[in-house]
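Subject: Handing over the structure, with notes on what was found

Dear colleague,

I am passing the structure on to you below, and my notes follow it. Please keep the structure open beside the text as you read.

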Number of protein chains: 2
Amino acid sequence: MTRERILREQHFDLNFIKKYESLMAQGNGYLGLRASHEEAYTEQTRGMYTAGIYNRPMEGESADLVNFPDVAGFRIKIDGTLFSLLAGEVRSYERELDLSTGELRREILWRKSDGAEFRFLFRRFVSKDDLHLVASEVRVTSLDREARIEVVTGIDAQQTNHGSQHLIEKEVRVLDEDVMLGTYRTSQSGHTAALAATVAGSAAGKESFAAKNRQLVMSVKVEAAAGEPYVFEKKAVVYTSLDRDLDGRTPEAACLDALAGYAGKDYGTLLRNSAAKWTAFWRDKEVLISSADPFDQLALDFALYHLEIMTPAHDERFGVGAKGLTGEGYKGHVFWDAEMFILPFHLLTEPRKARQLLRYRYLKLEQAQEKAARNGYEGALFPWESALTGEEETPEFAAINIRTGDRQRISSAVAEHHIVADIAFATVQYYLHTGDEEFMKTEGLALLMETGRFWMSRASERDGRLVLEDVIGPDEYTEHVDNNAFTNYMARYNVEQALRYMEQFGAEDEAYRDRAEAFLERLYLPVPDAAGLIPQDDTFLSLPEIDLSAYKENQGSQGILLDYSRQEVNRMQILKQADVVMLLYLFPDQFPLEVIAENLAYYEARTIHDSSLSKAVHAIVAARCGEEELAYRFFREACLIDLGPKPDSSDEGIHGASLGALWLATVFGFANVSFEGDCIRLDPKLPKEWSELTFPLRYRGRHLEISISRSRIRIIRHSGPELHVKVSGSEAEWNGRTEISIDLFRKKAE
Amino acid sequence: MTRERILREQHFDLNFIKKYESLMAQGNGYLGLRASHEEAYTEQTRGMYTAGIYNRPMEGESADLVNFPDVAGFRIKIDGTLFSLLAGEVRSYERELDLSTGELRREILWRKSDGAEFRFLFRRFVSKDDLHLVASEVRVTSLDREARIEVVTGIDAQQTNHGSQHLIEKEVRVLDEDVMLGTYRTSQSGHTAALAATVAGSAAGKESFAAKNRQLVMSVKVEAAAGEPYVFEKKAVVYTSLDRDLDGRTPEAACLDALAGYAGKDYGTLLRNSAAKWTAFWRDKEVLISSADPFDQLALDFALYHLEIMTPAHDERFGVGAKGLTGEGYKGHVFWDAEMFILPFHLLTEPRKARQLLRYRYLKLEQAQEKAARNGYEGALFPWESALTGEEETPEFAAINIRTGDRQRISSAVAEHHIVADIAFATVQYYLHTGDEEFMKTEGLALLMETGRFWMSRASERDGRLVLEDVIGPDEYTEHVDNNAFTNYMARYNVEQALRYMEQFGAEDEAYRDRAEAFLERLYLPVPDAAGLIPQDDTFLSLPEIDLSAYKENQGSQGILLDYSRQEVNRMQILKQADVVMLLYLFPDQFPLEVIAENLAYYEARTIHDSSLSKAVHAIVAARCGEEELAYRFFREACLIDLGPKPDSSDEGIHGASLGALWLATVFGFANVSFEGDCIRLDPKLPKEWSELTFPLRYRGRHLEISISRSRIRIIRHSGPELHVKVSGSEAEWNGRTEISIDLFRKKAE
C-alpha cells in the first residue's frame, strides 16, 4: 500500500509554531524530538526528550522530563545575513511530516532582502531502526548568484525546561576534527547523557569548532556557486546511562561506536533503514477509513503515528507520558491514560507492548505498596503521576493562585485512586486478549491482588454497607466525593478479578478470599434511579445546575475556572469529563441500552469536555446507542483536539490519551467490536460519512483483518485458529476458511 | 551646557545586536540592564544584573553574576502578527542612548506585511534617582487604520546565564489586579531577589494576568484608532536581600512600597528625576574635547557614562566587575582593573567613590589573609578574581581544550600576585590625593601593612638578593617568570609605602620595620641594560622572536593562541600587554625620558595588544615621550575596542578598564597631569587634532577646572585653597585669584 500519509503545514505562522512543533514531533519511543525549525525563532520551544530521563529541579518538587541538548538547530548565514523566515520574503513554504516514513521535510523558496533567491530543503528523521540516531539534511541552493553560506550547528546545551536547568556539562570534545561529543549529567537523578554529532558537507568548506557557554558547535563556510545545491548532512546520536544496549560501554563510547558504524552511510541510506520499519508498522497496524472527508483518515494516521512514537517499547522501565515525548506538559508524567487509553491499541495490535506497559507498573509495585502504607492503606496505591522511580510525582501544589497567593494542594495524589483499579482492569484485559498465563500467574496476579487489597482497605462502613468515601473520579470538577460511580464499579471489578485469578492460578489465600467475598457482597454500587440515572456520586444529582453552553463552546480551555472557583465548580452539576459515560463504555453489558442512552444524554449535557479524554469516549457510547450522527460529531471534535484550528491547543505536546481514544472510538465505537472468550462480536455503527472501515486485530493468537462497509463485514484470518464471530447478534461460521464475509442487510433482515 | 551626548545606532542589524546590548546598557551601579530590544530576537542576550548578587552554579565552580528575571521585554502583536523587525518592512529605524539623561530611545516606522504602517517609540531608563527603578514607555501608533494591539509584558524568570540556572522561583503574585510581584532565591548563595512591576495604558484595554513556566505576565488588548498613539507605561522595581535600604522590610515589601510611592508619577516625571542626577554628573565630571573628529568627544562621553554606571557607589561591599553590569563576561568578577584603571577617575572627580572601592578590598582583608596563609605566605594575598565573599573566584581551569580534552589550570590565582601591590598603590594614591587621614590610619594602613607583609614573605633568596620567582605579570603571555619588572617595582613600592605610613601614623612595629628595610635594601630590581632596556623578567630578552604583524592586525582576538600553544607563546618575545610600559606609566620619574622612549618602542613592537588594557596605557607613555601622533593613534585604537566596527567586540559586556584608561590617557597622557604634594604639574601633549581639552579635577580639597588649548592653559579654582601649578616646568602664581591662565608659547619661549 503506497497511499500518502502526510501531515502538512502550508504556511509559516508564528502563532502556530509551538503547536506544529508538537504535532510534527518525531520519535521512536526512546527519544522524542519536537519539530522546531532548524533556524531559531523566539516563539519556538525546542525540545528533545528521552524516555525515563527525569530530574527533580529541587528537593520536594516533582521530576521533570529533561529537555536534552539540541542537535536539530542550524544557524545559517548567507552573505552575512542570518536566515530567518521572518526576514526577507518567503516565496513559497511547505512543510510535511511524512507519517509513512517518519521524515519531516520543509521546502522553502526565500528571497533575501537584497533580492537574491535561495531554495532550502530541510529533511530530518529520528530513526526507527537505530533508536539513538537523529539524522538531518540541509540543502541550500543559491538560485541566481554566488553566495557565501555559513552554517553553524552542533550540540546546544543552553536548552532548559523553560529556564529550569537539569543538565550539568561534564565534558565537551571534538575528536579527530570530526566528531563533536558532549557529556552531561542530570543534577539530581545523576543520569549521564552523551550526545555526539558529525557534520559533512557536499563541498569543501572552511570548518572550525568551538565550545562556549554550554554550546559545542561546528561552523562551515562555503562559497556556493549559483544553481548548485550545497548539501549539509548531520548525524547525531544520543545514549544515556539508563540504556540497556550499552554492553558495558560508557554512553560516550556507545555514541562514538554508533557514529563510527555510520561512516559511509549517507542520509538517504539511513532514512531507508528507518522508513522500512515504518512500512512494517503501517502494514501491521493501519486503520483505513473511506470517508466523505479524507480528514478522518489523516486523523487516524496521525493518532497511530503518535501512539507508536510515544511508546517506549524498548524498555519496560518507562511508561507513556501524557504528552508522550513531544513536550513538557505534565512534566512527562505517566497517568491512567497509559492503561485506559493507550494500552488497548497495543493490546489489539502488538500485545507485547501492552505487556511492557503493565510490566512498567509491576516494576513499581513496591513503591505503590509503600505509598499505600504511608497513607494508611494496604496493598498497592499506584501514584497518580508516575515517572522513573515509581514514586508519587504529582506536584504537591497546583500553580499558585497569583491573585490570592494560595497554592492549592493537588488532591489527585491523595484521592484520585481509580488509577489503582484502572491498572487492574488493563491487567485483566491483557490476559483476556492474550491468554498469557506466564504473565498472569506472576506479575498479573501480583498486580491484581495488591490492587484488590488496596480497595478492601480503602472502603469504610456506612449504614451496614461498604462505601468509598472522599475520592476523586476521572472527572476532576467534582473532587472529594463519596461513592463515585466509576470508582466503585472499577473497585468492585478489581477485587472480583483478583479473587477470580487467585483461584484460577491456585494462589489460594483464604483470608484474602473471605475478605474479598465480603467486600464484593457489601460494597455499595450506585444503580440507576427511578429516572434511569446512575448517580455519579452520593450528592451529584442534587447539586444546582447552571447554563454551560458558553463553556461548552470553548471546551478544553477550562474557562469556567476563570468565572468560578474550583470549590464553586465542585458544588454544581458541572463535569470536566463524564465518569458515568466512561463507566458505560467499559461495562456495556451491565446496563440496559436505554439506561446507557439516558445517562449519556443527561451527563453529556452537564459536561464541558474540558478534558481531552472526554469526547472520544462519548463517541463510543453514542455509537453503541445507535446515535451514529452524534457519535461522529464527538469523534470529529476529538480529532480536532490536536488537529483543529486552535493555535495553542498542543503547545506543550500532543494529547496522547485523546489520540488513543480516536482508535478506541473507531474500533469499539464505530466498528463496535467486543469480545467474549473465543468469540468476537461486531455490531457496526459506521457514521453515514464512512463507506468502509478496515483495521487489523490481534486476539488470542489470531491475526485478523476486519473490513466493514455499509453492507458487508469481511474478516480475514491471517493466522491463528478460528474463533466465533457474532455480527449483530448472529453467528458466522469459518468452516476452515481464512476469510468470511457477512452481508449486513441480510443479517438485519433475518 | 546643553550639548548633545548621544550614542546612535542607525540600522537594525542582527550581527551587532549583542554588541549594542552592551554599549547601550543602562544602569546606576546598583543594577545594570542590557539594551536588549523590547521584542525578542534569538540573537539577543537579555541581561539584568545587580551588584553583589552572585551564585555558584555548582560546588567547586566560581560564582556567576546572576542574570535576573527580565522586565524590559514586551511582546507586541498587531492584528495577530508578532511585531519583529525581521518581519515586514522597517521603513526607518533609529536608536539612541542619550548619555545626558540615561534614556534609551528607539523610533521605528514599520510596515506590516499586509501594508499597514505603524510608528513605534520605545523609551526606557534605569533610574539614577531611585536605584531600584526601571521604567519603560512603549508608544504604538497605527498610522492608517484601526488595529488590535496586544501587549504582553511582566517578569520573565526564564532568563538564565546561558542555560545555567541560578534563581529558584519562590512566589509569583498579582496584587490588586495591578502589581506583578515575583520573588526568587539564588540556589547556592541564598540571596532573595524580588521584582515588581505595574503596567498602565493610555486607553482602556482588556487586561489579564497569567503565571506559567517561570513567567509572570500581564496582557493588554486594545483597539487602537488610526493615528492615535497608544501609550503603555511600565514601572519595575528590584530589591534584594543584600540591599541596605530595606529598613527591616522584606525585599518584596520594599518593592511594593516603591511602586506605591510612584502612584501618580508618570514616565516623564520619573525620567526628569533621574535625568537631573545625570545633569549633575556631567556638570561635575565632563571632559570636553574640541577635536577635528567629534568621535573623540563621543568616546570620552561613552567612557564616563559607563564608568558611572559600572560603579556600585551605593555600597562598599561590592566591587567593579571587568564588564561592569553590562554582561556576563568574566562572570562579573572584580580584577586589578578596578584599582588601576577605574579608581583613578573616581579619585580625581569624586574621591568618596575611590574610598569605597578601597573599602571593598578592606572588607575582604580577612579572606585575603586566609588565602595567603593557605598558600604558605604571610599578610594578605587578594584574589585575582573577586566577587561578593572575597574568596578567590578565578576558575580553577580554563575552558576545556576541545581537541585534547585537557583542561588547563588557570595560573592567575596562584601566581598573578601583582594585584596585591596594585591595591596598595591605589591606597597610597587615594591618600596622596585626598589627605584622608582617618581612612589612612586605619583601613589604609591595614591594607598597606598586610600587602607589604605578603611581599616580604613572598620573596626568596638568590645569590644574596631577594627575588620574586614564579610570578605572572599583567602580561599573561609570559607566565611563571622570575623577577617580572612590573611586579618587582610594585612590590618594592608596596613595602616602602607600608613602612612610610606605619611611621607616619605611629603604628610602630619594629620587627616589621627591620624586615621591610632589609627587603627594600635587598630586593632585586631589573634596571635598564646597556641598550637602555628594562628586562621584563629574567629571561624575556633572551627569548626568540617571531613576526607578529599578522596578530597585531587582528589584536584583541588572541588569534595567536590558534597557531601556538600557550606554552610556546610563553617561550617567545610575545606580549599580550606591555608590563614595562605599564611600569613606566606608573613611575615616570624613576627613569630618564630616553629610557622610557626606548622601552616603549622595544616592547610595543612585541606586543599584540590582545588585552584591552594595553592600548590606552601605551597612549599615555607615548604622549609623555612627546610622540603625540603615536599617542593619538593608540588612543583612537583604544576607543575602538568597544566603539569600533567589530560586530562581536563587546558581546559579553563593555571593557571597563579600557574605558577607564581612555580617561587616564586624556588626563595623564594628553593633559599630562601629575602631582607632587600641593603642586599640580601640567605638561600638555595634545594631539594635533585637538584644539582644546577641558576637564575637572578634585585634588586635596580643591575643585579645579582645567582647560588646555594649543596656546594656553586656564585653571579655574571652583573651591579649595590655592595650590602650586607648574606648567612645563614653570610655576604659575594664583595671587588670590580663582583663575589663572598660562600662555604656553610664552612659557616655551622663556
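How many bridges join strand β3 of chain B to β4(B), and do these strands run parallel or antiparallel? Before the reply, please bear in mind that this is a predicted model. Strand β3, residues 31-33 of chain B, is joined to β4(B) by three bridges, and the two strands run antiparallel. Within this pair, Leu31(B) stands opposite Thr50(B) in β4(B). The pair belongs to an open sheet of three strands, whose order in chain B is β2-β3-β4 and whose pairing is antiparallel. The edges of that sheet are held by β2 (26-27) and β4 (48-50) of chain B, and because each has a single partner strand, one side of each is left without a neighbour in the sheet. As a general point, the strands of a sheet pair through backbone hydrogen bonds, and they do so either parallel or antiparallel.

Chain A offers an open sheet of five strands, which follow the order β8-β7-β13-β18-β17 with antiparallel pairing. Here the edge positions belong to β8 (81-82) and β17 (206-212) of chain A, each of which has a single partner strand, so that one side of each has no neighbour in the sheet. Inside this sheet, strand β13 (residues 147-156) of chain A pairs with strand β18 (residues 215-224) of chain A in the antiparallel sense, over 10 bridges. If you would like a place to look in that pair, Thr153(A) stands opposite Met218(A) in β18(A).

Further along chain A, strand β23 (residues 673-676) and strand β24 (residues 679-682) pair in the antiparallel sense over four bridges, and Ser674(A) has Arg681(A) as its bridge partner in β24(A). These two strands, β23(A) and β24(A), form a hairpin with two residues between them, and in the turn Gly677(A) has a positive phi of about 60°. Strand β24(A) is also joined by four bridges to strand β28 (residues 724-727) of chain A, and these two run parallel. In that parallel pair, the bridge partner of Ile680(A) in β28(A) is Val725(A).

Chain B has a hairpin as well, formed by β23(B) and β24(B) with two residues between them, and Gly677(B) in the turn has a positive phi of about 60°. Its strands, β23 (residues 673-676) and β24 (residues 679-682) of chain B, pair in the antiparallel sense over four bridges, and Phe675(B) finds its bridge partner in Ile680(B) of β24(B).

Next come two helix pairs in chain A. Helix α16 (residues 579-586) of chain A and helix α17 (residues 593-605) of chain A pack at an angle of about 150°, and their axes are 9 Å apart. Since angles over 145 degrees count as roughly antiparallel, α16(A) and α17(A) are therefore roughly antiparallel to each other. Their crossing is left-handed, and the contact is made by Val580(A), Val581(A) and Leu584(A) of α16(A) together with Ile596(A), Asn599(A), Leu600(A) and Tyr603(A) of α17(A). By class, this contact of α16(A) with α17(A) has six nonpolar residues, one polar residue and no charged residues.

In the other pair, helix α10 (residues 437-458) of chain A packs against helix α12 (residues 510-522) of chain A at an angle of about 55°, with the axes 10 Å apart. The two helices, α10(A) and α12(A), are therefore oblique to each other, and α10(A) passes α12(A) in a left-handed crossing. Met449(A), Gly452(A) and Met456(A) of α10(A) make the contact with Tyr512(A), Arg515(A), Ala516(A) and Phe519(A) of α12(A). By class, the contact of α10(A) with α12(A) has five nonpolar, one polar and one charged residues.

Finally, how do the two chains relate? Chain B can be laid on chain A with an RMSD of 0.1 Å by a turn of 179° and a shift of 0.1 Å along the axis, which is the relation of a two-fold axis. Of the interface residues of chain B, 100% are also interface residues in chain A, so the copies meet through the same surface. The contact takes 36 residues from chain B and 36 residues from chain A. On the side of chain B that touches chain A, β14 (167-175) and β17 (206-212) of chain B each supply at least two residues, and β14(B) gives the most, with five residues. By class, that side of chain B has 17 nonpolar, 13 polar and six charged residues.

With best wishes

Notes
Residues are numbered from 1 along each chain as its sequence is written. Chains are lettered from A and ligands numbered from 1 in the order in which they are written. This is a predicted model: local features need pLDDT of at least 70, side-chain atom pairs count only at pLDDT 80 or more; totals for chains, interfaces and linings use all residues. Two strands pair if DSSP finds at least two bridges between them. Copies are superposed by least squares on the C-alpha atoms of residues with pLDDT of at least 70 in both. Two residues are in contact if their C-beta atoms, placed from the backbone, lie within 7 Å. Ala, Val, Leu, Ile, Met, Phe, Trp, Tyr, Cys and Pro count as nonpolar, Asp, Glu, Lys and Arg as charged, and the others, Gly among them, as polar. Axes are lines fitted to C-alpha atoms, for helices over the stretch in contact, and angles run from 0 to 180 degrees between N-to-C directions. Angles under 35 degrees count as roughly parallel, over 145 as roughly antiparallel, 65 to 115 as roughly perpendicular and the rest as oblique. A crossing is left-handed if the near helix is turned anticlockwise from the far one by less than a right angle, and right-handed if clockwise.
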